[in-house]
Amino acid sequence: METLLQMMKNKNAVKFVILSVLTIVLASIVYVDYFSRTPPPEGALRVVKCSGCGDQGVKMIKDINDRRDPKCICEKCKKPLGYAFKCDNCDFEYPVIPVEKPPAGEMAKMKTMAKFTYVLQERKCPNCGSVSTTPISVEKK
Ligand SMILES: [Zn+2]
Ligand SMILES: [Zn+2]
């Protein structure tokens with residue numbers, strides 16, 4: 001305790017402590033952000049499908065929810081594009097438009113299983129209701 005008090009008296013030491021704490025906090029934010037984020041910041045080549053006309057193509061997508069990005073809008077019918085998914089159960093192909101995550105507070109209240117089903121619901125097959133679905137990979141195209 002005494003050393004801490006002595007440090008508090010020394011303004012430079014206090015600054016140093018604050019800076020170190022900030023660095024750790026910032027580093028962990030970047031770390032968590034990096035691992036929780038699915039689309040890479042520079043974009044990824046994804047198979048996309050139109051929610052209107054079903055037109056399918058391969059595009060470099062940064063954020064599929066960015067409606068100002070012309071790459072996220074169908075060239076033919078101007079409807080929003082989603083990631084092309086295929087049902088493992090019935091082979092049905094459909095677009096998945098990721099929904100906004102609930103606010104952090106609400107997400108924290110959710111049980112692990114609820115979080116899990118929440119994620120699964122997003123990609124559920126609209127044809128047979130199966131949750132065993134996979135994004136169509138660019139390699140297969
Ligand atoms: Zn379309
Ligand atoms: Zn299905």
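Helices and strands are here DSSP runs, a helix being H or I over at least four residues and a strand being E over at least two, with numbering from the N terminus. The model to which the exercises below refer is a predicted one.

**Exercise 1. Place Asp91 relative to the strands, and decide whether Asp91 is buried or exposed.**

Step 1. Under the definition just given, Asp91 falls outside the strands, in the loop that lies between S3 and strand S4, the latter spanning 93-96.

Step 2. The backbone of Asp91 shows a positive phi of about 65 degrees, although the residue is not a glycine.

Step 3. A residue is called exposed if 12 or fewer other C-beta atoms lie within 10 Å of its own. Because Asp91 has 10 C-beta neighbours inside 10 Å, Asp91 counts as exposed.

**Exercise 2. Carry out the analysis for Lys78: where is Lys78 placed, and is Lys78 buried or exposed?**

Step 1. Lys78 is located in the loop between S2 and S3.

Step 2. Lys78, which is not a glycine, nevertheless has a positive phi of about 65 degrees.

Step 3. Since 11 other C-beta atoms are found within 10 Å of Lys78, this residue is exposed.

**Exercise 3. Determine which strands are joined to S1 by bridges, and in which sense they run.**

Step 1. Strand S1 covers residues 44-50, and five of its seven residues are buried, so that the strand is mostly covered.

Step 2. With strand S2, residues 56-61, S1 pairs in the antiparallel sense over six bridges; as one bridge partner in S2, Lys59 is matched with Arg46.

Step 3. The connection from S1 to S2 is that of a hairpin, with five residues between the two strands, and Gly54 in the turn has a positive phi of about 80 degrees.

Step 4. S1 is also joined by three bridges to strand S3, residues 81-87, and these two strands run antiparallel; in S3, Leu81 is the bridge partner of Cys50.

**Exercise 4. Describe the protein as a whole: how many helices and strands are there, and in what pattern do they follow along the sequence?**

Step 1. The protein contains four helices and five strands.

Step 2. Reading along the sequence, one finds the pattern α-α-β-β-β-β-α-α-β.

Step 3. As for burial, 11% of the 141 residues of the protein count as buried.

Step 4. Among contacts with a separation of 6 or more, 55% are accounted for by residues 24 or more positions apart.

Key
Residues numbered from 1 in each chain as written. Chains lettered and ligands numbered in written order. Predicted model: local features only at pLDDT ≥ 70, side-chain atom pairs only at ≥ 80, totals over all residues. Buried ≥ 20, exposed ≤ 12 C-beta atoms within 10 Å, placed from the backbone. Pairing = 2+ DSSP bridges. Contact = placed C-beta atoms within 7 Å.
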